[in-house]
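Q: Please take a close look at one part of this structure, and then explain how some other parts of the chain can be read in a similar way.

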Amino acid sequence: MSTVETAADQHAFVPVTLDLGDIVLRPWGRTADVRGGAVPGLLAAAADPAIALWNPIRVTDEASAEAFLDRCDAGWASGDSAAFAVLDGTDATLLGNVSLRWTNRADRLAMTGYWLTPAARGRGAATRATRAVTSWGIATAGTRRIEIAHAVGNTASCRVAERCGFPAEGTLRESHRFGDGKYHDEHLHARLATDPEPA
Ligand SMILES: CC(C)(COP(=O)(O)OP(=O)(O)OC[C@H]1O[C@@H](n2cnc3c(N)ncnc32)[C@H](O)[C@@H]1OP(=O)(O)O)[C@@H](O)C(=O)NCCC(=O)NCCS
(Lines give C-alpha, C1' and ligand atoms only; values in the text may rest on other atoms or scores of the structure.)
Protein backbone atom coordinates (compact mmCIF):
# COMPACT_ATOMS: atom_id res chain seq x y z
CA MET A 1 0.00 0.00 0.00
CA SER A 2 1.40 3.44 -0.89
CA THR A 3 2.05 6.15 1.66
CA VAL A 4 -0.82 8.22 0.25
CA GLU A 5 -3.29 5.33 0.57
CA THR A 6 -2.17 4.70 4.12
CA ALA A 7 -2.64 8.36 5.02
CA ALA A 8 -6.06 8.50 3.37
CA ASP A 9 -7.15 5.41 5.24
CA GLN A 10 -6.58 7.21 8.52
CA HIS A 11 -8.97 9.98 7.57
CA ALA A 12 -12.23 8.13 8.03
CA PHE A 13 -15.41 9.72 9.35
CA VAL A 14 -16.29 7.54 12.32
CA PRO A 15 -19.91 7.48 13.57
CA VAL A 16 -20.55 9.64 16.61
CA THR A 17 -23.39 11.47 18.35
CA LEU A 18 -22.84 15.22 18.75
CA ASP A 19 -24.91 16.44 21.68
CA LEU A 20 -25.53 20.20 21.71
CA GLY A 21 -28.13 20.03 24.47
CA ASP A 22 -31.37 21.21 22.91
CA ILE A 23 -30.15 19.79 19.59
CA VAL A 24 -28.55 16.40 19.02
CA LEU A 25 -26.87 15.17 15.84
CA ARG A 26 -27.04 11.43 15.20
CA PRO A 27 -25.73 9.45 12.22
CA TRP A 28 -28.31 8.94 9.48
CA GLY A 29 -28.86 5.32 8.51
CA ARG A 30 -31.41 2.52 8.67
CA THR A 31 -31.29 2.50 12.47
CA ALA A 32 -31.65 6.29 12.86
CA ASP A 33 -34.07 6.93 15.70
CA VAL A 34 -36.27 9.80 14.52
CA ARG A 35 -39.61 10.68 16.09
CA GLY A 36 -42.32 9.39 13.76
CA GLY A 37 -39.74 7.44 11.75
CA ALA A 38 -36.85 8.37 9.51
CA VAL A 39 -38.68 7.53 6.27
CA PRO A 40 -41.74 9.77 6.92
CA GLY A 41 -39.38 12.52 8.14
CA LEU A 42 -37.34 12.36 4.95
CA LEU A 43 -40.46 12.30 2.77
CA ALA A 44 -41.80 15.43 4.47
CA ALA A 45 -38.46 17.22 4.17
CA ALA A 46 -38.06 16.32 0.51
CA ALA A 47 -41.49 17.79 -0.25
CA ASP A 48 -40.57 21.21 1.16
CA PRO A 49 -40.19 23.64 -1.77
CA ALA A 50 -36.98 25.26 -0.47
CA ILE A 51 -35.27 21.91 0.08
CA ALA A 52 -36.55 20.65 -3.28
CA LEU A 53 -35.08 23.74 -4.94
CA TRP A 54 -31.74 24.21 -3.17
CA ASN A 55 -30.95 20.79 -1.77
CA PRO A 56 -32.95 18.07 -3.55
CA ILE A 57 -32.43 14.81 -1.69
CA ARG A 58 -33.88 12.44 -4.32
CA VAL A 59 -36.55 11.10 -1.95
CA THR A 60 -39.98 10.62 -3.49
CA ASP A 61 -41.30 7.43 -1.91
CA GLU A 62 -40.51 4.85 0.76
CA ALA A 63 -38.02 3.00 -1.45
CA SER A 64 -36.02 6.13 -2.30
CA ALA A 65 -36.04 7.19 1.37
CA GLU A 66 -34.62 3.79 2.31
CA ALA A 67 -32.05 4.17 -0.47
CA PHE A 68 -31.07 7.53 1.07
CA LEU A 69 -30.56 5.81 4.44
CA ASP A 70 -28.56 3.02 2.78
CA ARG A 71 -26.28 5.59 1.11
CA CYS A 72 -25.72 7.19 4.52
CA ASP A 73 -24.88 3.82 6.08
CA ALA A 74 -22.48 3.09 3.21
CA GLY A 75 -20.79 6.46 3.65
CA TRP A 76 -20.24 5.82 7.34
CA ALA A 77 -19.02 2.28 6.67
CA SER A 78 -16.40 3.45 4.17
CA GLY A 79 -15.53 6.56 6.17
CA ASP A 80 -16.10 8.65 3.04
CA SER A 81 -19.09 10.66 4.25
CA ALA A 82 -20.72 11.67 7.49
CA ALA A 83 -24.45 12.36 7.28
CA PHE A 84 -26.10 13.55 10.47
CA ALA A 85 -29.77 13.85 11.31
CA VAL A 86 -30.27 17.06 13.29
CA LEU A 87 -32.81 16.24 16.00
CA ASP A 88 -34.60 18.03 18.79
CA GLY A 89 -32.65 17.06 21.91
CA THR A 90 -35.81 16.45 23.90
CA ASP A 91 -38.06 14.37 21.66
CA ALA A 92 -35.96 13.47 18.56
CA THR A 93 -38.18 15.47 16.20
CA LEU A 94 -36.38 15.81 12.87
CA LEU A 95 -34.99 19.35 12.48
CA GLY A 96 -32.70 18.81 9.55
CA ASN A 97 -29.52 17.40 8.09
CA VAL A 98 -25.83 18.28 8.04
CA SER A 99 -23.43 16.23 5.97
CA LEU A 100 -19.68 16.26 5.49
CA ARG A 101 -18.03 14.25 2.75
CA TRP A 102 -14.60 13.87 1.28
CA THR A 103 -14.15 15.26 -2.19
CA ASN A 104 -10.48 14.22 -2.05
CA ARG A 105 -9.71 12.10 0.99
CA ALA A 106 -5.98 11.75 0.31
CA ASP A 107 -5.73 15.54 0.03
CA ARG A 108 -8.05 16.05 3.05
CA LEU A 109 -10.45 18.21 1.05
CA ALA A 110 -14.12 17.95 2.09
CA MET A 111 -17.48 19.56 1.41
CA THR A 112 -20.39 20.19 3.74
CA GLY A 113 -24.09 20.79 3.16
CA TYR A 114 -27.21 21.34 5.23
CA TRP A 115 -30.96 21.73 5.24
CA LEU A 116 -33.55 22.33 7.91
CA THR A 117 -37.24 21.52 8.01
CA PRO A 118 -39.34 24.70 7.68
CA ALA A 119 -40.36 24.63 11.36
CA ALA A 120 -36.72 24.51 12.50
CA ARG A 121 -35.52 27.55 10.54
CA GLY A 122 -34.86 31.02 11.83
CA ARG A 123 -33.25 30.20 15.19
CA GLY A 124 -29.67 29.50 14.26
CA ALA A 125 -29.92 25.69 14.29
CA ALA A 126 -28.16 25.28 10.93
CA THR A 127 -25.26 27.43 12.09
CA ARG A 128 -24.82 25.57 15.38
CA ALA A 129 -25.13 22.13 13.78
CA THR A 130 -22.79 22.93 10.88
CA ARG A 131 -20.19 24.42 13.21
CA ALA A 132 -20.33 21.29 15.35
CA VAL A 133 -19.92 18.95 12.37
CA THR A 134 -17.10 20.91 10.74
CA SER A 135 -15.16 21.28 14.00
CA TRP A 136 -15.61 17.56 14.62
CA GLY A 137 -14.36 16.79 11.09
CA ILE A 138 -11.26 18.90 11.61
CA ALA A 139 -10.55 17.44 15.04
CA THR A 140 -11.17 13.76 14.32
CA ALA A 141 -10.70 13.14 10.59
CA GLY A 142 -8.03 15.70 9.84
CA THR A 143 -9.99 17.71 7.29
CA ARG A 144 -7.65 20.36 5.92
CA ARG A 145 -10.13 22.44 3.92
CA ILE A 146 -13.94 22.24 3.95
CA GLU A 147 -16.01 23.87 1.22
CA ILE A 148 -19.60 25.05 1.01
CA ALA A 149 -21.19 25.94 -2.32
CA HIS A 150 -24.62 27.54 -2.51
CA ALA A 151 -26.67 29.18 -5.24
CA VAL A 152 -26.07 32.92 -5.34
CA GLY A 153 -29.79 33.45 -4.73
CA ASN A 154 -29.77 31.42 -1.51
CA THR A 155 -29.12 34.24 0.95
CA ALA A 156 -29.91 32.23 4.08
CA SER A 157 -27.32 29.62 3.15
CA CYS A 158 -24.75 32.35 2.47
CA ARG A 159 -25.30 33.74 5.98
CA VAL A 160 -25.00 30.30 7.56
CA ALA A 161 -21.69 29.73 5.75
CA GLU A 162 -20.30 33.07 6.90
CA ARG A 163 -21.48 32.56 10.48
CA CYS A 164 -19.77 29.16 10.49
CA GLY A 165 -16.42 30.71 9.62
CA PHE A 166 -16.46 30.00 5.88
CA PRO A 167 -15.63 33.26 4.09
CA ALA A 168 -16.75 33.60 0.46
CA GLU A 169 -13.92 33.01 -2.00
CA GLY A 170 -15.60 33.66 -5.32
CA THR A 171 -18.42 32.93 -7.72
CA LEU A 172 -18.65 29.76 -9.78
CA ARG A 173 -20.55 30.49 -12.99
CA GLU A 174 -23.50 28.20 -13.82
CA SER A 175 -21.74 25.51 -11.84
CA HIS A 176 -24.61 23.38 -10.56
CA ARG A 177 -28.08 22.38 -11.72
CA PHE A 178 -30.58 22.85 -8.91
CA GLY A 179 -34.07 21.50 -8.28
CA ASP A 180 -35.64 23.87 -10.81
CA GLY A 181 -33.61 22.17 -13.53
CA LYS A 182 -31.58 25.33 -14.16
CA TYR A 183 -27.89 25.95 -13.80
CA HIS A 184 -27.18 28.62 -11.19
CA ASP A 185 -24.07 30.57 -10.29
CA GLU A 186 -22.76 29.53 -6.88
CA HIS A 187 -20.73 31.19 -4.18
CA LEU A 188 -17.84 29.08 -3.01
CA HIS A 189 -17.05 29.41 0.71
CA ALA A 190 -14.33 27.53 2.57
CA ARG A 191 -12.87 27.04 6.01
CA LEU A 192 -9.31 25.92 6.56
CA ALA A 193 -8.36 23.86 9.59
CA THR A 194 -5.87 26.62 10.36
CA ASP A 195 -8.56 29.33 10.41
CA PRO A 196 -9.60 30.60 13.83
CA GLU A 197 -12.83 29.27 15.33
CA PRO A 198 -15.69 31.58 14.30
CA ALA A 199 -16.75 34.10 16.94
C1 LIG B 1 -30.34 27.55 4.56
C2 LIG B 1 -31.00 27.13 5.87
C3 LIG B 1 -30.35 25.84 6.33
C4 LIG B 1 -30.74 28.26 6.90
O5 LIG B 1 -31.02 27.78 8.18
P6 LIG B 1 -31.57 28.71 9.37
O7 LIG B 1 -31.11 28.14 10.65
O8 LIG B 1 -33.03 28.83 9.19
O9 LIG B 1 -30.89 30.07 9.14
P10 LIG B 1 -31.40 31.39 9.83
O11 LIG B 1 -32.87 31.50 9.83
O12 LIG B 1 -30.71 31.48 11.14
O13 LIG B 1 -30.90 32.50 8.85
C14 LIG B 1 -29.57 32.68 8.59
C15 LIG B 1 -29.48 34.09 8.04
O16 LIG B 1 -30.13 34.15 6.76
C17 LIG B 1 -31.15 35.13 6.80
N18 LIG B 1 -32.27 34.60 6.04
C19 LIG B 1 -33.06 33.57 6.38
N20 LIG B 1 -33.97 33.36 5.41
C21 LIG B 1 -33.74 34.29 4.47
C22 LIG B 1 -34.35 34.60 3.24
N23 LIG B 1 -35.39 33.89 2.76
N24 LIG B 1 -33.86 35.64 2.52
C25 LIG B 1 -32.80 36.36 2.98
N26 LIG B 1 -32.18 36.10 4.14
C27 LIG B 1 -32.65 35.08 4.87
C28 LIG B 1 -31.48 35.33 8.27
O29 LIG B 1 -31.97 36.63 8.48
C30 LIG B 1 -30.15 35.12 8.92
O31 LIG B 1 -29.37 36.30 8.77
P32 LIG B 1 -28.37 36.83 9.91
O33 LIG B 1 -27.20 35.91 9.91
O34 LIG B 1 -28.02 38.19 9.44
O35 LIG B 1 -29.13 36.79 11.20
C36 LIG B 1 -32.52 26.92 5.72
O37 LIG B 1 -33.09 28.12 5.29
C38 LIG B 1 -32.87 25.81 4.75
O39 LIG B 1 -32.90 24.65 5.12
N40 LIG B 1 -33.16 26.16 3.47
C41 LIG B 1 -33.56 25.16 2.46
C42 LIG B 1 -32.41 24.23 2.04
C43 LIG B 1 -31.14 24.97 1.74
O44 LIG B 1 -31.14 26.06 1.20
N45 LIG B 1 -30.01 24.34 2.08
C46 LIG B 1 -28.69 24.89 1.81
C47 LIG B 1 -28.24 24.51 0.45
S48 LIG B 1 -26.63 25.20 0.10
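A: Alanine 92 sits in the loop between strand 3 (81-88) and strand 4 (94-104), and in this predicted model alanine 92 has a positive phi of about 65 degrees although it is not a glycine. Its surroundings can be described by counting neighbours: alanine 92 has 17 other C-beta atoms within 10 Å, and is therefore partly exposed, because a residue is called buried only if 20 or more such atoms lie within that distance, and exposed if there are 12 or fewer.

Arginine 58 can be read in the same steps. Arginine 58 is found in the loop between helix 3 (49-54) and helix 4 (62-78), and its phi is positive, about 55 degrees, although arginine 58 is not a glycine. With 10 other C-beta atoms within 10 Å, arginine 58 counts as exposed.

A positive phi also appears in a hairpin, where the residue is a glycine: glycine 181 takes a positive phi near 80 degrees in the hairpin of strand 7 and strand 8, which has five residues between the strands. Strand 7 (residues 168-177) and strand 8 (residues 183-192) run antiparallel and are joined by six bridges, and within this pairing threonine 171 of strand 7 stands opposite histidine 187 in strand 8. Although strand 7 is paired in this way, strand 7 is hardly covered, since the count of buried residues among its 10 residues is zero. In a regular strand, the side chains alternate between the two faces of the sheet.

Technical notes
Residues numbered from 1 in each chain as written. Predicted model: local features only at pLDDT ≥ 70, side-chain atom pairs only at ≥ 80, totals over all residues. Helix = DSSP H or I, 4+ residues; strand = E, 2+ residues; numbered from the N terminus. Pairing = 2+ DSSP bridges.
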